[in-house]
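Let us read the charged and nonpolar features of a model together, one question at a time.

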Amino acid sequence: MPITLNDDNGNIFAGGDGTDGDLVLQDGSGRERVHMNADGQRMELHNTNGDIISMMGGGANMRLGTNGQNGGIYLYRSNTSDIFNVSQACIRA
């Protein structure tokens, strides 16, 4: 069932009363693509195979690249016109 918010102050709250609230987004095939884990204090992004390709953890940890893929970091200035053009990045690693 879809959830639609149409308000200037639309918020979604999950958890409370001693229960953690997780947010899981799935693709059309039911594969997990984004998982915000409340009790594990981390956010995971998954590729179409279900592999974690990016993870930010509660200890200020960031992991990029896995399962045979390199990770990359691109930082852009606020006036960048195309954040998908890596040649416009001011810092690349």
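**Salt bridges and a surface patch**

A: In this predicted model, the side chains of Arg 42 and Glu 44 meet in a salt bridge, with an N to O distance of 2.6 Å.

Q: What is the general idea behind such a contact, and how many salt bridges does the structure hold?

A: Side chains of opposite charge can pair when their charged atoms come close. The structure holds 3 salt bridges.

Q: Is Glu 44 buried or exposed, and how does Arg 42 count?

A: Glu 44 counts as buried because its relative accessibility is 5%, and buried means under 20% relative accessible area. Arg 42, at 35% relative accessibility, counts as partly exposed.

Q: Which residues are joined into one network by salt bridges that share partners?

A: Asp 27, Arg 31 and Arg 33 are joined in that way. The side chain of Asp 27 meets that of Arg 31 in a salt bridge at 3.2 Å, N to O, and Asp 27 also meets the side chain of Arg 33 in a salt bridge at 3.9 Å, N to O. Arg 31 counts as partly exposed at 35% relative accessibility, and Arg 33 is partly exposed as well, with a relative accessible area of 29%.

Q: Turning to nonpolar side chains, which residues make a nonpolar surface patch, and where is Met 62 placed?

A: Residues enter a patch if they have over 30% relative accessible area and no salt bridge. Here Met 56, Met 62, Leu 64, Ile 73, Leu 75 and Ile 91 make a nonpolar surface patch of about 500 Å². Met 62 lies in strand β5, which covers residues 62-64.

Methods: Residues numbered from 1 in each chain as written. Predicted model: local features only at pLDDT ≥ 70, side-chain atom pairs only at ≥ 80, totals over all residues. Heavy atoms only, no water. Patch = residues over 30% accessible without salt bridge, like charges linked within 9 Å, V, L, I, M, F, W, Y side chains within 5 Å. Areas by Shrake-Rupley, 256 points an atom, 1.4 Å probe, with all protein chains shown as cover. Salt bridge = Lys/Arg side-chain N within 4 Å of Asp/Glu carboxyl O. Helix = DSSP H or I, 4+ residues; strand = E, 2+ residues; numbered from the N terminus. Buried < 20%, exposed > 50% of the residue type's maximum accessible area, 1.4 Å probe, protein only.
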